[in-house]
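Me: I am new to this structure and should be grateful for a close look at one part of it. Please describe the surroundings of the first ligand and the helices that belong to them.

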Amino acid sequence: KDLFESPDYYLIDELLTDEHKLIRASVRDWVKKEVSPVIEDYSQRAAFPKHLIKGLGEIGAFGPTIPVEYGGAGLDYMSYGIIMQEIERGDSGIRSTASVQGSLVMYPIYAYGSEEQRIKYLPKLATGELMGCFGLTEPDHGSDPGGMETNFKDKGDHYLLNGAKMWISNSPFADIAVVWAKDENGKIRGLIVERGMEGFTTPETHGKWSLRASATGELVFDNVKVPKENLLPNASGLKGPLGCLNQARYGIAWGALGAAMDCYDTALRYTKERKQFGKPIAGFQLQQKKLAEMITEITKGQLLVWRLGQLKNENRATPAQISMGKRNSVDVAIHIAREARQMLGGMGITGEYPIMRHMMNLESVITYEGTHDIHLLITGMDITGEDAFK
Ligand code: TGC
Ligand code: FAD
């Protein structure tokens, strides 16, 4: 039986175009062939499956909405969401790699970069020939990135960059980093820092119990000389990096539902097959309650992200609407993962099934790109007009 059955309780497929369904089928096929057979092993060993990068590029996972002339796939936002959903069905860490490359590295170069920067970097990032990472978070500034201390000074023919970033996905192997730092006037600007620049190091963060198949690390800048042409000319202020987060959070809103679907599929199949007290455990009311609540939440989430996709396509999705989508999908997914794990009993803690891996991955997803509570406060601010952060 196809392990990648999609729950579609409200016939949401009818809201998708043939192209969307074709994209979904091809990404699903790739995930099934390339990710699912190996991901448990990489995750257990806390190793990043680097060999998947080429395939991710080929399926259009890097910069799906970036125009074709810059090497992107030139797709709409619904397609981007669908791609993230199918990749995260496989593993949140692999989706992270794609999110960072597309939304947090290619997007700022496309949206804020010069034409020379676009031509130099985007086509190679689209294929995975170059890999990037995004440095916003610092050891002392996570939810409040506006407090960042990383800074650069104008030294005439170059900038001198100092500071450190922490919790950076892809940093240990990235060829370039889009780094957010303050200039001498305290304005946040974006710089493209390249591996090999003197004083730039990327120590890996070890010992994670979550997102183990994704490489996470620091970015350390010790008097790094950054050429002036590496400054992103068209971003100034916190809205630069936050604009990138809108892109990535949108993808996560779809992606986390993919993880939820995989947990639901697995629990449904298992409970129909597993017998206790002489009958399949799916016949017990408590198991049915869990399954019924899961499919209800997945269905509500699917409709929410589909509508968000329409708004994104029309360039009408507000940051607060995106926050609600990210927060809701991850919350739905983490609850489903925790319930599904219990439904498999002892088998639920093993790597024989994907649930515990999803469950642990989602602990990162609920924290990064704005925590669960930060997104709640963004909604609170939007509906009341009162800013709880100030
Ligand atoms: P605040 O004063 O509200 O805003 C500063 C300026 O930014 C504008 N703005 C936005 N612009 C675009 N998109 C958004 N989502 C925006 N939110 C705010 C705002 O209009 C203002 O513009 P202007 O022109 O007036 O200057 O800023 P604040 O300092 O009060 O902070 C607001 C807050 C807390 C919502 C924000 O800082 C936040 O979202 N914090 C969470 C931090 C976060 O999400 N970090 C993520 C790091 S990257 C990551 O986790 C990658 S994981 C990748 C993976 O592996 O998938
Ligand atoms: P803190 O900001 O210290 O928050 C701690 C707790 O306090 C949270 O529960 C938070 O909700 C709460 N809190 C904070 N402020 C408030 C408030 N005003 N009101 C109420 N509660 C509040 N960052 C990058 O820049 N690039 C990356 O590629 C990247 N990848 C990541 C990968 C992983 C695996 C992880 C775990 C993180 C990654 N991050 C990345 C960092 C991530 O975005 C931050 O961890 C996140 O924004 C939270 O910041 P923090 O960890 O410093 O927590």
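Reply: The largest share of the shell around ligand 1, six residues, is supplied by helix H6. This description rests on a predicted model. In total, 25 residues surround ligand 1, and the closest of them are Ser96, Ser169, Pro319, Tyr368 and Gly370. By class, the shell around ligand 1 holds 13 nonpolar, 10 polar and two charged residues. Three helices each contribute at least two residues to this shell: H4 (92-112), H6 (239-273) and H10 (372-384).

The helices may now be taken in turn, beginning with H4. Of the 21 residues of H4, 20 are buried, and the helix is thus mostly covered. H4 also bends by about 35° at Met106, and the proline Pro108 follows within four residues.

Helix H6 may be examined through one of its residues, Asn246. Is Asn246 buried or exposed? Asn246 is buried, because 20 other C-beta atoms lie within 10 Å, and 20 or more is the count required for a residue to be called buried. Leaving aside residues up to four places away in sequence, Asn246 touches Pro319 and Ile322. Pro319 is also among the closest residues to ligand 1. Lys326 stands 80 residues from Asn246 in sequence, yet the C-alpha atoms of Asn246 and Lys326 are 9.7 Å apart in space.

Pro319 and Lys326 lead to helix H8, which comprises residues 319-343. Two packed helices are described by the angle between their axes and the distance between the axes. For H8 and H10, the axes come within 9 Å and cross at roughly 140°, and the crossing is left-handed. On the side of H8, the contact is made by Ala320, Ser323, Met324, Lys326, Arg327 and Asp331. On the side of H10, the residues in contact are His372, His375, Leu376, Ile378, Thr379 and Asp382. Taken by class, this contact has four nonpolar, four polar and four charged residues.

Helix H10 also belongs to the surroundings of the second ligand. Together with strands E1 (132-135) and E3 (158-169), H10 is one of the elements that each supply at least two residues of the shell around ligand 2. That shell numbers 22 residues, the closest being Leu136, Thr137, Gly142, Ser143 and Thr371. Its composition is 11 nonpolar, nine polar and two charged residues. H10 therefore has a place in the shell around ligand 1 and in the shell around ligand 2.

Key: Residues numbered from 1 in each chain as written. Chains lettered and ligands numbered in written order. Predicted model: local features only at pLDDT ≥ 70, side-chain atom pairs only at ≥ 80, totals over all residues. Near = placed C-beta within 6 Å. Nonpolar A, V, L, I, M, F, W, Y, C, P; charged D, E, K, R; others polar. Axes fitted to C-alpha atoms, helices over the stretch in contact; angles between N-to-C directions. Left-handed = near helix turned anticlockwise from the far one by under 90°. Contact = placed C-beta atoms within 7 Å. Buried ≥ 20, exposed ≤ 12 C-beta atoms within 10 Å, placed from the backbone. Bend = angle between axes of the 7 residues up to and from the residue.
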